[in-house]
Amino acid sequence: HTETALILSNLAVLHGRQGNRTAAETLHQRTLKIWKAELGDEHPKTMSVLRNLAMLCAANGNFGDAMAFSDNERRAQLAHVSRVLPALPAPEQDRTT
């Protein structure tokens, strides 16, 4: 499934660059669903599709959804860093807002 998600993600980016934002969003959403199920919320690939969705929503003028996707990505990044880089001071690891 992860290879399928990678292909879907690449197609989503291509559609976005060609201006077909509806198809791009649909493909990004499918990619997100697969990567969350296969890799988890805090995996860098999952975060990248959240970032892509945030940018796509912002380009469509849907700033509420763009902020939500961006915030989800930011939270996942903080959780990922806290887990992967335990050398950070405890206060930095516990920051989630």
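**Helices α4 and α1 in a predicted model**

Helix α4 runs over residues 63–84, and its 22 residues reach 31 Å from the first C-alpha to the last, close to the 32 Å expected at 1.5 Å a residue. The model here is a predicted one. Several residues of α4 are tucked away: Ala-66, Phe-69, Glu-73, Ala-76, His-80 and Ser-82 are buried.

Glu-73 deserves a second look, as a charged residue in that list. It counts as buried because its relative accessibility is 9%, and the cut-off for buried is under 20%. Its partner in a salt bridge is Arg-51, with the closest N and O atoms 2.8 Å apart. This pair ties together distant parts of the chain, since Arg-51 sits in helix α3 (residues 44–59) and Glu-73 in helix α4, 22 residues apart. What about the other end of the bridge: is Arg-51 buried or partly exposed? With a relative accessible area of 36%, Arg-51 is partly exposed.

Counting by the salt-bridge rule gives 3 in total. Besides the Arg-51 and Glu-73 pair, there is a bridge between Asp-71 and Arg-74, whose closest N and O atoms are 2.6 Å apart. Asp-71 also forms a salt bridge with Arg-75, and here the closest N and O atoms are 3.0 Å apart. Put together, Asp-71, Arg-74 and Arg-75 make up a network of salt bridges.

How do these residues sit along the helix? Asp-71 and Arg-74 are 3 residues apart in helix α4, so about one helical turn separates them. For Asp-71 and Arg-75, both in helix α4 too, the spacing is 4 residues, again about one turn of the helix. The general rule behind this is that an α-helix has 3.6 residues a turn, so residues three or four places apart point the same way. As for exposure, Asp-71 is partly exposed, at a relative accessible area of 26%. Arg-74 counts as partly exposed at 30% relative accessibility, and Arg-75 is partly exposed as well, at 38%.

Now for helix α1. This helix has 16 residues and reaches 23 Å from its first C-alpha to its last, close to the 22 Å expected at 1.5 Å a residue. Which residues of α1 are buried? They are Ala-5, Leu-8, Ser-9 and Ala-12. These residues lie on the same side of α1, because they cover an arc of only 105° around the axis. That buried set packs against α2, which spans residues 21–39.

The other side of α1 tells its own story. On the face turned away from the buried side are the exposed residues Glu-3, Ile-7 and Arg-17. Ile-7 turns up once more in a nonpolar surface patch of about 260 Å², made together with Leu-11 and Leu-14. Leu-14 belongs to helix α1, which covers residues 2–17. Is Leu-14 exposed or partly exposed? Its relative accessible area is 43%, so Leu-14 is partly exposed; to count as exposed, a residue needs over 50%. Joining a patch takes over 30%, so Leu-14, at 43%, clears that mark.

Just after α1 comes one last feature of the backbone: Gly-19 takes a positive phi of about 90°.

Conventions:
Residues are numbered from 1 along each chain as its sequence is written. This is a predicted model: local features need pLDDT of at least 70, side-chain atom pairs count only at pLDDT 80 or more; totals for chains, interfaces and linings use all residues. Side-chain values use heavy atoms; hydrogens and water are left out. Patches are made of residues with over 30% relative accessible area and no salt bridge: like charges are joined within 9 Å, nonpolar side chains (Val, Leu, Ile, Met, Phe, Trp, Tyr) within 5 Å. Accessible areas come from the Shrake-Rupley method with a 1.4 Å probe; for residues, only the protein chains shown count as cover. A salt bridge is a side-chain nitrogen of Lys or Arg within 4 Å of a carboxyl oxygen of Asp or Glu. Helices (H or I, at least four residues) and strands (E, at least two) are DSSP runs, numbered from the N terminus. Buried means under 20% relative accessible area, exposed over 50%, partly exposed in between (1.4 Å probe, protein chains only). The expected span of a helix is 1.5 Å times one less than its number of residues. The arc is that of the directions from the helix axis to the C-beta atoms. Contact means heavy atoms within 4.5 Å.
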